[in-house]
Amino acid sequence: MALGSGGARGLAHISYIEALDEMGLRPAVIAGTSIGALFGAGWASGMTGAELREHALRVLTSFQETAGRLWMSSRPTIKGVMENGISIQVDAGNLTEAFLPEGFPDDFAALGIPLRVVATDFYAWESVVFREGPLRQAIAASLAIPGLLRPLRLGQRLFIDGGASNPLPVDLVRVGSDVVIGIDVNGQPDPNPEVPEPSPFDVGFVATQIMTAAIVRGALALHAPDIYVHAPVSGIRTLEFWRVRELLEQTDQAKDDFKRSVEGRLRAFDAGGAPAP
């Protein structure tokens, strides 16, 4: 399974994880970028899709709850102001801790399914894959959305959102896998000339979506998954996590089609050959 980046749109991963749970299937390996890394880690730790849904609804149902968690994760300290000055950026590590469930594993070694977490080295301009060691740090590095979350420094390296380099990491699960599934939650163009001029934040986020779509197209050409899902998440902005119920209602409607795709691929594979593209 390759779980892609997309901010709040990544909540769509829950519906597809639930669908596989309902089919009695577990992935042999998971690769995730940004929000995909967060849900991939939860899945790999043993949480079911239903448990991921329950946790998301509990912490994201209201705007007040979401904003409160963001504020609590980013309250400046005297030490932080002394070291970094006054910043509107949220600390990626604190944000990760604020949204993880209690008892979440600290290390990759505690996971029941192998996990690959993608981040981007800011100075080297390259994708970096975390496979072992501190798990929460890896997730925070993968989640560090430029301009919103402060880049995460680990040793001599500075990390930003994995979506900047590998937003749908199908290449990390291809080798050794019989059937590869890629879940793209980046959204699709949503032209609406009646909408007022977008804010600077919206322009930046949509520009990132456009660049992400180009990177994904290139990745699919080189490492096409056996099942590619472009989740129906258009109209959801990057930070609109409080729209979790609305988003899940949309993606739940796609679960049956997804199950049929998976069943067809598995039947083809069991028949003695790799599934047709």
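Start by selecting A138: leaving aside residues up to four places away in sequence, A138 touches F108, V117 and F130, where a contact means heavy atoms within 4.5 Å. Before you go on, note that this is a predicted model, in which local features need pLDDT of at least 70 and side-chain atom pairs count only at pLDDT 80 or more, while totals for chains, interfaces and linings use all residues. Residues are numbered from 1 along each chain as its sequence is written, and side-chain values use heavy atoms, with hydrogens and water left out.

**Stop 1: A138 and helix α7**

A138 is found in helix α7; helices (H or I, at least four residues) and strands (E, at least two) are DSSP runs, numbered from the N terminus. Is A138 buried or exposed? A138 is buried, with a relative accessible area of 0%. Here buried means under 20% relative accessible area, exposed over 50%, and partly exposed in between, using a 1.4 Å probe and protein chains only. Now add L152 to the selection: L152 is 14 residues from A138 along the chain, and their C-alpha atoms are separated by 9.4 Å.

Widen the selection to the whole of α7, which is mostly covered, with 8 of its 9 residues buried. The buried set consists of L135, R136, A138, I139, A140, A141, S142 and L143.

**Stop 2: α2 against α7**

Keep α7 (residues 135-143) and add helix α2 (residues 35-44): the two pack at an angle of about 155°, with their axes 8 Å apart. That angle makes α2 roughly antiparallel to α7. Axes are lines fitted to C-alpha atoms, for helices over the stretch in contact, and angles run from 0 to 180 degrees between N-to-C directions. Angles under 35 degrees count as roughly parallel, over 145 as roughly antiparallel, 65 to 115 as roughly perpendicular and the rest as oblique.

To see the contact itself, show side chains for I35, A37, L38 and A41 in α2, which meet L135, I139, S142 and L143 in α7. These contact residues divide into 7 nonpolar, 1 polar and no charged. In that count, Ala, Val, Leu, Ile, Met, Phe, Trp, Tyr, Cys and Pro are nonpolar, Asp, Glu, Lys and Arg are charged, and the others, Gly among them, are polar.

**Stop 3: two residues with positive phi**

Step to S34, in the loop between β2 (30-33) and α2. S34 is not a glycine, yet has a positive phi of about 55°. S34 is buried, at a relative accessible area of 3%.

Then jump to W125, in the loop between β4 (115-121) and β5 (126-130). W125 also has a positive phi, about 60°, although it is not a glycine. Is W125 buried or exposed? With 76% relative accessibility, W125 counts as exposed.

**Stop 4: α1 against α3**

Select helix α1 (residues 13-22) and helix α3 (residues 49-60), which pack at an angle of about 150° with their axes 8 Å apart. This makes α1 roughly antiparallel to α3. From α1, the contact uses I14, S15, I17, E18 and D21; from α3, G49, A50, L52, R53 and A56. The contact residues of this pair divide into 5 nonpolar, 2 polar and 3 charged.

**Stop 5: helix α6**

Move on to α6 (residues 92-99) and colour its buried residues, A92, L95, T96, A98 and F99. Why do they lie on the same side of α6? They cover an arc of only 160° around the axis, which puts them there; the arc is that of the directions from the helix axis to the C-beta atoms. At the start of α6, look for D91, where a side-chain oxygen reaches to within 3.0 Å of the backbone nitrogen of G93.

**Stop 6: L172, T251 and K259**

L172 sits in helix α8 (residues 171-174) and is buried, at 18% relative accessible area. Show A31, R116, V118, V129 and R131, which L172 touches when residues up to four places away in sequence are not counted. Then find A2: L172 and A2 are 170 residues apart in sequence and 7.9 Å apart in space, C-alpha to C-alpha.

T251 lies in helix α10 (residues 244-252) and counts as buried, at 0% relative accessibility. Beyond residues up to four places away in sequence, T251 touches A12, S15, P232 and V233.

Finish the residue stops at K259, in helix α11 (residues 255-270). K259 is buried, with a relative accessible area of 18%, and touches A19, E22 and M23, again not counting residues up to four places away in sequence.

**Zoom out**

With the whole chain in view, you have 11 helices and 10 strands. Of its 277 residues, 48% count as buried. Among contacts in the chain with a separation of 6 or more, residues 24 or more positions apart account for 77%.

Notes. A polar contact is a pair of N or O atoms within 3.5 Å; within protein, one must be able to donate a hydrogen and the other to accept it, and residues adjacent in sequence count only if both atoms are side-chain atoms.
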